[in-house]
Amino acid sequence: MEVEVSDGATVKDLLTHLEISESQGAVVIVEGRVLKADDKMRCGVPVNVLQAIGGG
Amino acid sequence: MKFIRVNMNEGTIRVEDVPQDYVGLGGRGLSSTIINTEVPPKCDPLGPENKLIFAPGLLSGSPLGNTSRISIGAKSPLTGTIKESNVGGTVSAALGRLGIAAVVIEGQSPEGELYFLRIDEKGDASLIPAQEYKGMRTYKLVEKILEVYGGKTSVLCIGPAGEDRLTAASIQSSDVDGHPCHAAGRGGLGAVMGAKGLKVLLVDQRGKGAKPVADLEAFKEANKAYVKIIKEHPEPGHLMPTLGTAALVAPVNSMGAFPCYNARKGVMDDWEKISGETMAEMIKERGGNPTHAGCAQCFIHCSNVFVDKEGKYVTSSLEYETIWATGGMTGIADLDTIARLDNLCDDIGVDTMSTGVAMAVAMDAGYKEFGDREAAIEMVKEIGKGTEFGRILGSGPAAVGKHFNHDRVPVVKGQGVAGFDPRAMRGNGVTFATSPMGADHTAGNVVGLCLQGKLDPMQAEGAVEVSRNLQITTAAFDSTGLCFMASVALMEPEPQAVFRKAINAILGTELGPDDFPRAMGIRVLKAEREFNRKAGFTNEDDRLPRFYYEEPLPPHNTVFVISDEELDSTFDF
């Protein structure tokens, strides 16, 4: 799906936009890298929003 | 608590109090300590000097939930090292309720003889000749056992692979529905059981009741907090009952750390077709069960029941490591084929991980094409038939590499790796290289820390320390019978203190933060490392195969960069 966030939006902003709270343990992965909450999003780059998991 | 010692040479059984040196130990701590104390390190793993230990966790059979893991230990015929392979199901709680701390199988029955070891509701053990079950596959076997001995029976058993003493043979454990679909898969312990002449350990579930709790009031309080922590944690509380461990397929591919096509790539083509999300949808649509309790006293429900297009049972708990090994490594992006392979492996009694990696090595050597579904199914069927190739495949990836004279074999100490590539997740490279068990995904897995943003998966600095601490904690948790899914909620100091309170209340101990998990975990690892040293293993064995250091893994195109010196400091404690 496509999501519109403001220019310079961070990972945190994206999760807020998607109504995903911190306690839900989401992880944002872009181009194979796990991003931190303050990392900035780039326009047009596919983003994977997943839930963190410890193994299995 | 008592020990049951079974001498297979003479067919005798001895019941004894827990020997003083072993008091306070359970699960992995107990199985590894017994092996290090009693098994000659250089013995033939398939000979009479080896011992096969069944040790329920310290808390198994107590009223604390999610503590139903049993540790099975021996000298491994696959790795030559000490081995602990733990498994869920119902048997651990059943043994715990009977007050049995360990069942120790010694010696070897006369060639060609086969037995069941039965433990009845009073805890009395007997050996029962079982010639008529020779060669029987596990599903039919358990069905017959439940007919004869009643539905309240827990089963650990081997299939034809174990009887054939194949070094990737598993010991299968029955779940709450009586399906032998959980596996103590790693290390070829099924071959040890087969070499002993033991087909089945069956345990009556109607023991005296839960283990006595030393301090009931303290337990009630700790239990309430324990349940709350686990239920409110996003992983065991939400993700596990929704997708199970298959939830890992998406993030590990997204990170480029999903070893596929015999670890030639880090992202699989069409991985979405085998993701946890796809699996859960498929199961729901077909009328299976995506949220299933596989083990006794489980309130997480990470298991699932996978059904075919007609809604008929195929396998239970299709798990991440099986999906990765039999699907990712072989390039088969099809869950129906993967589920069929899982069922075949469970039925024949062979480790899905070793088998998947072994098939990938065969494909890489040009024996079959990657992605060939029918070829994969036929290959596994050959293990069950006991053909020459089947025997090689059932002996694991290293045996297959040797057969094809193909040196690109992803194993450490002879055991196939797990579904996290060390070139893109370096901390797991440290664990795979150094674990006393050989490459192992449960010995100290860093994937959670990577996904929580606490560890950069590419970062080499600090990876050894992270692996060390996780290996220590895991060794301690594996001694309690706690399941991995619950343990992820108990990694931080505060929840760990709650778990410690529960342990102390149940056992009447006074373990402090230094005692558990740290001191207990170190004690276990030291015993395991000591055994391996005496068996002839050195630091040179704590290494990954060369290709991890030389061949970049797409898409990041990185190699494993942690030096030998750093790896050798993993157990500096």
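Start by selecting A:Val3 in this predicted model: its relative accessibility is 34%, and because the partly exposed class runs between 20% and 50%, A:Val3 counts as partly exposed. Along the chain, A:Val3 sits in the segment before helix H1 (11-17) of chain A.

Keep A:Val3 selected and add A:Met1 and A:Val5, since these three residues together make a nonpolar surface patch of about 310 Å².

Next, turn to the pocket beside this part of the chain. A:Val3 is also one of the residues that lie nearest the centre of the second largest pocket, together with A:Glu2, A:Leu14, A:Val45 and A:Val47. The lining comprises 19 residues, and the pocket has a volume of about 620 Å³. If you colour the lining by class, you should find 12 nonpolar, three polar and four charged residues.

Now move to chain B and its ion pairs; over all chains, a search of the whole structure finds 36 salt bridges. Select B:Arg165 and B:Glu111, which form a salt bridge whose closest N and O atoms are 3.9 Å apart. This pair links distant parts of the chain, 54 residues apart: B:Arg165 is in the loop between helix H4 (160-163) and strand E10 (171-173), while B:Glu111 is in the loop between strand E6 (100-106) and strand E7 (115-119). The two partners fall into separate accessibility classes, B:Arg165 being partly exposed at 28% and B:Glu111 being exposed at 71%.

For a salt bridge within a helix, select B:Lys220 and B:Glu217, whose side chains meet with an N to O distance of 3.7 Å. Both belong to helix H6 (residues 216-232) of chain B, and because they are three residues apart there, about one helical turn separates them. B:Lys220 is partly exposed, with a relative accessible area of 47%, whereas B:Glu217, at 56%, counts as exposed.

Go on to helix H13 (residues 373-385) of chain B, where B:Glu378 and B:Lys381 are likewise three residues apart and therefore separated by about one helical turn. Their salt bridge has its closest N and O atoms 3.8 Å apart. Here B:Glu378 is partly exposed at 35% relative accessibility, and B:Lys381 is partly exposed with a relative accessible area of 26%.

As a last stop, select B:Arg5, B:Arg14, B:Glu16, B:Glu38, B:Lys51 and B:Glu106 together, which are joined into one network by salt bridges that share partners.

How values were computed
Residues numbered from 1 in each chain as written. Chains lettered and ligands numbered in written order. Predicted model: local features only at pLDDT ≥ 70, side-chain atom pairs only at ≥ 80, totals over all residues. Heavy atoms only, no water. Patch = residues over 30% accessible without salt bridge, like charges linked within 9 Å, V, L, I, M, F, W, Y side chains within 5 Å. Areas by Shrake-Rupley, 256 points an atom, 1.4 Å probe, with all protein chains shown as cover. Salt bridge = Lys/Arg side-chain N within 4 Å of Asp/Glu carboxyl O. Helix = DSSP H or I, 4+ residues; strand = E, 2+ residues; numbered from the N terminus. Buried < 20%, exposed > 50% of the residue type's maximum accessible area, 1.4 Å probe, protein only. 1 Å grid on protein atoms, 1.4 Å probe; cavity = no way out; pocket = protein on both sides within 12 Å on 5 of 7 lines; lining within 4 Å. Points joined across faces, edges and corners; volume = space filled by probe spheres on them. Nonpolar A, V, L, I, M, F, W, Y, C, P; charged D, E, K, R; others polar.
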